[in-house]
Amino acid sequence: MTITLLISCKNSEKTETENNSEFKKVESQNGLNLEYQLLDENDEQINFASLKKMPEFPGGLDSLTKFIQRNYKFHQGFTEYINGKVKSTFVVDTLGKVVDIEIIERLRKDYDTACYKVISEIPDWKPAEIENNKKVKVKFLLPFKFVAEE
């Protein structure tokens, strides 16, 4: 039996989380289903229209997808595969660092931990910018979908 890790659970154009904060889908040609919101220095949401430049992962979103697929690892001795989804959020700060990682929808502790770990290993990005080249934080919503195959 094998397990397939999908990072492309299709959603609508916008998603709302439990605390009513709104996420918008990243426009992308690849299968990565990444959503985002803009945050000011006080972590308050900023209007999407003020965004001038999205944060950039080195090599683009295709490279981010490959990075996650290459670096996602189950713990040693793992034998039981299940179907399901883990939803996570993380912030790319004004320096391009990945910070504030959270698992907001859990599946099982080993899956949740592996998702957290791979996000914590994501290298630095070029930060997002709004008017006057001001750098801002961007919070991303990233779902991981697991499908067990015989």
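Modeller: Buried means under 20% relative accessible area, exposed means over 50%, and partly exposed lies in between, with a 1.4 Å probe and protein chains only. This is a predicted model, in which local features need pLDDT of at least 70, side-chain atom pairs count only at pLDDT 80 or more, and totals for chains, interfaces and linings use all residues. Residues are numbered from 1 along each chain as its sequence is written, and side-chain values use heavy atoms, with hydrogens and water left out.

Biologist: Is Lys137 buried or exposed?

Modeller: The relative accessible area of Lys137 is 15%. The cut-off for buried is under 20%. Lys137 is therefore buried.

Biologist: Which parts does the salt bridge between Asp43 and Lys137 tie together, and how many residues apart are they in sequence?

Modeller: A salt bridge is a side-chain nitrogen of Lys or Arg within 4 Å of a carboxyl oxygen of Asp or Glu, and the side chains of Asp43 and Lys137 meet in one at 2.5 Å, N to O. Asp43 lies in the loop between strand S4 (35-39) and strand S5 (45-46), and Lys137 lies in strand S10 (residues 135-149), so the pair ties together parts that are apart in sequence by 94 residues. Helices (H or I, at least four residues) and strands (E, at least two) are DSSP runs, numbered from the N terminus.

Biologist: How many salt bridges does a search of the whole structure find?

Modeller: One of them joins the side chains of Asp124 and Lys97 at 2.7 Å, N to O. Another joins Arg108 and Asp110 at 2.9 Å, N to O. The search of the whole structure finds eight.

Biologist: In the salt bridge of Arg108 and Asp110, what is the relative accessibility of Asp110?

Modeller: Arg108 is partly exposed, with a relative accessible area of 23%. Asp110 counts as buried, and its relative accessibility is 17%.

Biologist: What does helix H2 reach from its first C-alpha to its last?

Modeller: Helix H2 covers residues 109-120, which is 12 residues. The expected span of a helix is 1.5 Å times one less than its number of residues. For H2 the expected value is 16 Å, and the helix comes close to this, reaching 16 Å.

Biologist: What separates the C-alpha atoms of Thr89 and Ile103?

Modeller: Thr89 lies in strand S7 and is buried, with a relative accessible area of 2%. Leaving aside neighbours within four places in sequence, Thr89 is in contact (heavy atoms within 4.5 Å) with residues including Phe23, Ile104 and Phe140. Thr89 and Ile103 are 14 residues apart along the chain, and their C-alpha atoms are separated by 6.5 Å.
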